[in-house]
Amino acid sequence: MLLIGLSALNQLGWVLSLAFVCYVLLFVISVFYVTYQAAETRNGEYIFLVLCLWRILLLVGVDLAMLSQTKISDFSPLSPYTSPIMILFVVLILGTRLNRMAKKIEKFNTRLERKVLQVNADLNKSLNDKHRLELADVRLQERINHVT
């Protein structure tokens with residue numbers, strides 16, 4: 001009975017190890033894909049993200065190198081420092097995106113204001129022309145009425 005319980009735990013360990021390796025491979029593939037996209041598009045946000053992802057890989061590599069040279073009990077991993085790095089770069093990316101979108105909104109508002117002023121001027125001109133034509137029509141009607 002105890003042997004069956006140990007066997008199930010052993011299988012769970014292998015499944016979890018396989019899942020971990022799959023996630024690591026997915027992360028590495030993502031790093032290479034984002035690096036490729038950054039090289040192709042020369043987009044500042046992609047470049048920030050690439051720097052962040054490569055720093056994380058560098059810290060993981062340093063962690064593995066240090067782990068291979070020391071005992072596990074003496075090991076102090078650097079990987080907890082990857083989260084603040086990731087947060088810093090995400091904040092930079094979102095900040096630049098927010099700034100760019102705010103500038104686009106300002107440009108749109110400026111164009112919209114100019115367009116509203118132009119339409120307002122056109123409407124005023126049209127109303128003035130209509131008023132002038134109505135006055136001319138009234139005068140013409142008065143002349144026709146006086147003649148008859």
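In helix 3, E134 and K130 sit 4 residues apart, which puts about one helical turn between them. These two side chains form a salt bridge, with the closest N and O atoms 3.9 Å apart. That separation still counts, because the cut-off for a salt bridge is a Lys or Arg side-chain nitrogen within 4 Å of an Asp or Glu carboxyl oxygen. As for its surroundings, E134 is partly exposed, at 40% relative accessibility. All of this is read from a predicted model, so side-chain atom pairs were counted only at pLDDT 80 or more.

The structure holds 3 salt bridges, and the E134 pair is one of them. Another joins D129 to K125, at 3.4 Å from N to O. Here too the partners lie in helix 3, which spans residues 82–147, and their spacing of 4 residues amounts to about one helical turn. D129 also pairs with R132, where the closest N and O atoms are 3.6 Å apart. R132 and D129 are 3 residues apart in helix 3, again about one helical turn. Through shared partners, then, the salt bridges tie K125, D129 and R132 into one network. The general idea is simple: side chains of opposite charge can pair when their charged atoms come close. On the exposure side, K125 is exposed, with a relative accessible area of 53%, while D129 is partly exposed at 26%.

Away from the charged pairs, there is greasy surface to look at. F20, V21, V24, L25 and I29 make a nonpolar surface patch of about 490 Å². One of these residues, I29, belongs to helix 1, which runs over residues 2–41. I29 is out in the open, with a relative accessible area of 56%, and so it counts as exposed.

The buried counterpart is the largest nonpolar core, a set of 5 residues: V31, V34, A38, V50 and L53. Helix 1 and helix 2 (44–69) each put at least two residues into this core. Helix 1 is the biggest contributor, giving 3 residues. L53 is a handy place to look at the packing: leaving aside residues up to four places away in sequence, L53 touches F27, V31, V34 and M86. Two of those contacts, V31 and V34, are themselves listed in the core.

Q37 also lies in helix 1. Despite its polar side chain, is Q37 buried or exposed? At 18% relative accessibility, Q37 counts as buried, because the cut-off for that label is under 20%. Its contacts, again not counting residues up to four places away in sequence, are R42 and Y46.

Finally, the cysteines. How many disulfides does a search of the whole structure find? The search comes back with 0. In general, a disulfide is a covalent bond between the sulfur atoms of two cysteines. In terms of exposure, C22 is partly exposed, at 43% relative accessibility, whereas C52 is buried, with a relative accessible area of 0%.

Key. Residues are numbered from 1 along each chain as its sequence is written. This is a predicted model: local features need pLDDT of at least 70, side-chain atom pairs count only at pLDDT 80 or more; totals for chains, interfaces and linings use all residues. Side-chain values use heavy atoms; hydrogens and water are left out. Buried means under 20% relative accessible area, exposed over 50%, partly exposed in between (1.4 Å probe, protein chains only). Patches are made of residues with over 30% relative accessible area and no salt bridge: like charges are joined within 9 Å, nonpolar side chains (Val, Leu, Ile, Met, Phe, Trp, Tyr) within 5 Å. Accessible areas come from the Shrake-Rupley method with a 1.4 Å probe; for residues, only the protein chains shown count as cover. A nonpolar core is a set of buried Ala, Val, Leu, Ile, Met, Phe, Trp, Tyr and Cys residues joined through side-chain atoms within 4.5 Å. Contact means heavy atoms within 4.5 Å. A disulfide is a pair of cysteine sulfur atoms within 2.5 Å.
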